[in-house]
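Q: Could you take a close look at the sheet in this protein and walk me through how its strands are arranged?

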Amino acid sequence: MRRRQILNTIIGTGLAVGSASRITAAQQGIIRIIVPYAAGGQTDVMARLLAASMDKTLGRRVLVDNRPGAAALIGTKAVQLAPPDGDTLLFHNSGFGVLPMLSKSADYDPVKDFEAVAMVGQSPNMLMVTDSVPAHTMPEFLAYARSVPAGIECANSGINSGGHISAMLLEKLGKTKLLHVPYKGSAEVTRALLSGDVKMQVSVTTDSLNPYIKSGKIRILGVASKERTALAPGVPAISEFLPGYSVDGWFGILAPAHTPLDKREVMSAAIKAALEEPALKQRFDELYMEVIYQGPKKFAETIAASINDFKTVVQELELTPQ
């Protein structure tokens, strides 16, 4: 009932389509949320939780479509080129604004080629190591890393992804050497960590990785946010040991450029309703995700600010598009 009231309010204030009959006609279509990563990772799990709730709220079928590869470029381009009718959405993270700075093949403008729909939360990247690494604290890790001149194998979800950038910044400020190993998504990264193919990553955690964090097979040594977070009690910020280190990350939903605001408002309201569900919020907490809802206008401002922050990091690393 509450979901219907939310949509009725939107319709009444003129933010949704003009009449109930037009809403009914639109219900016949399928909404696709494209996730530019492989199934099983954190982004994928969150997208499926949201889709299940949106399906009920909107009275339409909402499907998650995984399009992994090329550091999320394949899925991102699919949405960029989709019709701006509100039926094709992109679930992405702050790496969305970084890739065009670093990859010549990423020929999209994160501001001009997409429209903000809703931010769903923030999750800090975390420095995670396997139990084969002889370090339980940040100082111990830095000392160990500096003692391995050949470098430590470090997984990421794709070259120039947010996790890759976070690891490179750690490498530079920490005066260490890391061997960056790209995968198609966090699910593959998890398997690589557990199999021993790599020893560490700097990224968000995942649903499948959490049991191993609790058991101690995977250890969290630091968070990449500016300050400590309640999501990881007792874990220090990496910046406490490496001044200037900070890589914050958002997660949210976008649409192709020129998607009408009224359609985006309807989707945004359905997302807001989902984020207010206690069960969904609990699942997000388990994923180390802080639920933070922002509508289209505020989310667009957050994206722009995030891009500026990453420009500073890219300049610090002296990176150029390849």
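A: Happy to; here is the sheet, followed by the chain around it.

This is a predicted model, in which local features need pLDDT of at least 70, side-chain atom pairs count only at pLDDT 80 or more, and totals for chains, interfaces and linings use all residues. Residues are numbered from 1 along each chain as its sequence is written, and side-chain values use heavy atoms, leaving out hydrogens and water.

The open sheet is built from six strands in the order β2-β1-β3-β10-β4-β11, with mixed pairing. Strands here are DSSP runs of E with at least two residues, helices are runs of H or I with at least four, and both are numbered from the N terminus. Two strands count as paired if DSSP finds at least two bridges between them. At the edges sit β2 (61-66) and β11 (290-294), each pairing on one side only. From one strand to the next, the twist averages 25 degrees.

Let's zoom in on one edge. Strand β1 (residues 30-35) pairs with β2 in the parallel sense over six bridges. Isoleucine 30 has arginine 61 in β2 as its bridge partner.

Now for a helix: α4 (residues 73-80) lies across β1, β3 (88-93), β4 (114-122) and β10 (250-256), and runs at about 145 degrees to β3. Such angles run from 0 to 180 degrees between N-to-C directions, using axes fitted to C-alpha atoms, for helices over the stretch in contact, where contact means heavy atoms within 4.5 Å.

As for the setting, the protein chain has 12 helices and 11 strands. Its C-alpha trace spans about 70 × 40 × 30 Å along the principal axes.
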